[in-house]
Amino acid sequence: MNLSERSNSGKNCLLVFRNKKDNNLLGVQAILDNCASHGYHFDKVWFIAYDSSFEITFALKNAIKYYENIVLYSPSVMSQTLKDFITHGLDGEFNEYGRFTCDKFDSFILLRDKENKLSVEDICAALDKKYGLHYEKAYIKTVGAPISALNKAIGKIKEECPAIDVNVKDNYGDCTIEIVYNNRTPKAAFDKAMRVALSLLNSYVYTLDNSTLAERLVALLKLRKIKLSVAESFTGGGISKRLVEVPGVSEVYFEGLNTYANEAKISRLGVSEQILSKYGAVSEQVAAQMAEGLLATENCTLAISTTGIAGPKSDGTKKPVGLAYIGVATPAETEVFEFKLKGSRECITQTAINLALFAAFKMIK
């Protein structure tokens, strides 16, 4: 929903001044994402060549005429010219942080090539004050949820509470549904929207806050007083890397082995040569023995294993690129999950890492 559709809110315009040959839009996307995360969207995003005086003049005149809030994203060498144009004939000037306000509109300037005193958060806070709004966020974070289920849940949220903004970010199957609502959102409608969404996504949810998957797993390991070890093949230590990024993980993390070669699987984990020969390294049987080999050391009570084909080529067998097996074992049980993943080598490995962490989370939840 655009800001223009909100009650007591105005229209927003983002003017991007750039070299025609500059196709790096990461800064622009960051502004859009950050504003959306605070409940604000742009009705117009205008890209203007900074060597065309006609385009610059036309864009600025239209922005001043039709929009209540104007964000200028420009090189620092243009900033004073743009400020002079915006303030021409009006009482006032841009303050030291890059904000100008008058009865008709507010304008903010962000520099592409220098550190700004004004941040996107500052802009959103100014708009909150201008419109008497206060925004809050809620989260639903999932792993492995089908697109159809995600779309249905998001649709239900909007159906139950149309005033809510929903921003969705996917990180290799680890999906963050960010729900932005303000002080005018009816609580009953919001609560019902959340209940409906959770009922549709329940088996894929790992948290309702903005913590990471690894953080949630480590917190649960601490709560359950469980020690974890990891044996990775095609994920190349990625699971261990995610875990050790969490402060305090040493309380619950014993070791991570990158047993890439078959010889390493045999010597370090006790994987059977006969099993390897019969089923191949990328198999349910090997994933199970890798996880159980970690448990056999008696240094952990939860084990994760991964084996798969990340590509771009297969491993010389008839097994397809993207085939992956993830094992999760405790002294009481061993589960192995088969996945047929798509995409690049990075996409396959990062998705598998997320699926492995989530499988461990669900095993002990």
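In this predicted model, the accessible surface of the protein chain amounts to about 18,200 Å², and carbon and sulfur atoms hold 50% of that area. Of the 365 residues in the chain, 49% are buried. The charged groups offer another view of the chain as a whole: there are 44 positive and 42 negative charges, and their mean positions lie 3 Å apart.

Turning to overall form, the C-alpha trace of the protein chain spans about 85 × 50 × 35 Å along its principal axes. The radius of gyration is 26 Å, whereas a compact globule of 365 residues would have a value near 21 Å. The secondary structure of the chain consists of 12 helices and 14 strands. Among contacts with a separation of 6 or more, 67% join residues that are 24 or more positions apart.

A closer look at one residue helps to make this picture concrete. Ser305 sits in strand E12, which covers residues 302-308. Ser305 counts as buried because its relative accessible area is 0%, and the cut-off for a buried residue is under 20%. The side chain of this serine reaches the backbone oxygen of Ala287 at a distance of 2.6 Å. Ala287 also appears in the list of residues in contact with Ser305 once neighbours within four places in sequence are left aside. That list further includes Ala231, Met290 and Ala291, together with Tyr325, Ile326 and Gly327. Ser305 thus combines a place in strand E12 with a side-chain link to the backbone of Ala287.

Note on methods: Residues numbered from 1 in each chain as written. Predicted model: local features only at pLDDT ≥ 70, side-chain atom pairs only at ≥ 80, totals over all residues. Heavy atoms only, no water. Helix = DSSP H or I, 4+ residues; strand = E, 2+ residues; numbered from the N terminus. Buried < 20%, exposed > 50% of the residue type's maximum accessible area, 1.4 Å probe, protein only. Polar contact = N/O pair within 3.5 Å; in protein donor to acceptor, adjacent residues only side chain to side chain. Contact = heavy atoms within 4.5 Å. Rg over C-alpha atoms; globule rule 2.2 N^0.38 Å. Areas by Shrake-Rupley, 256 points an atom, 1.4 Å probe, with all protein chains shown as cover. Lys, Arg positive; Asp, Glu negative; His and termini not counted. Charge placed at Lys NZ, Arg CZ, Asp CG, Glu CD.
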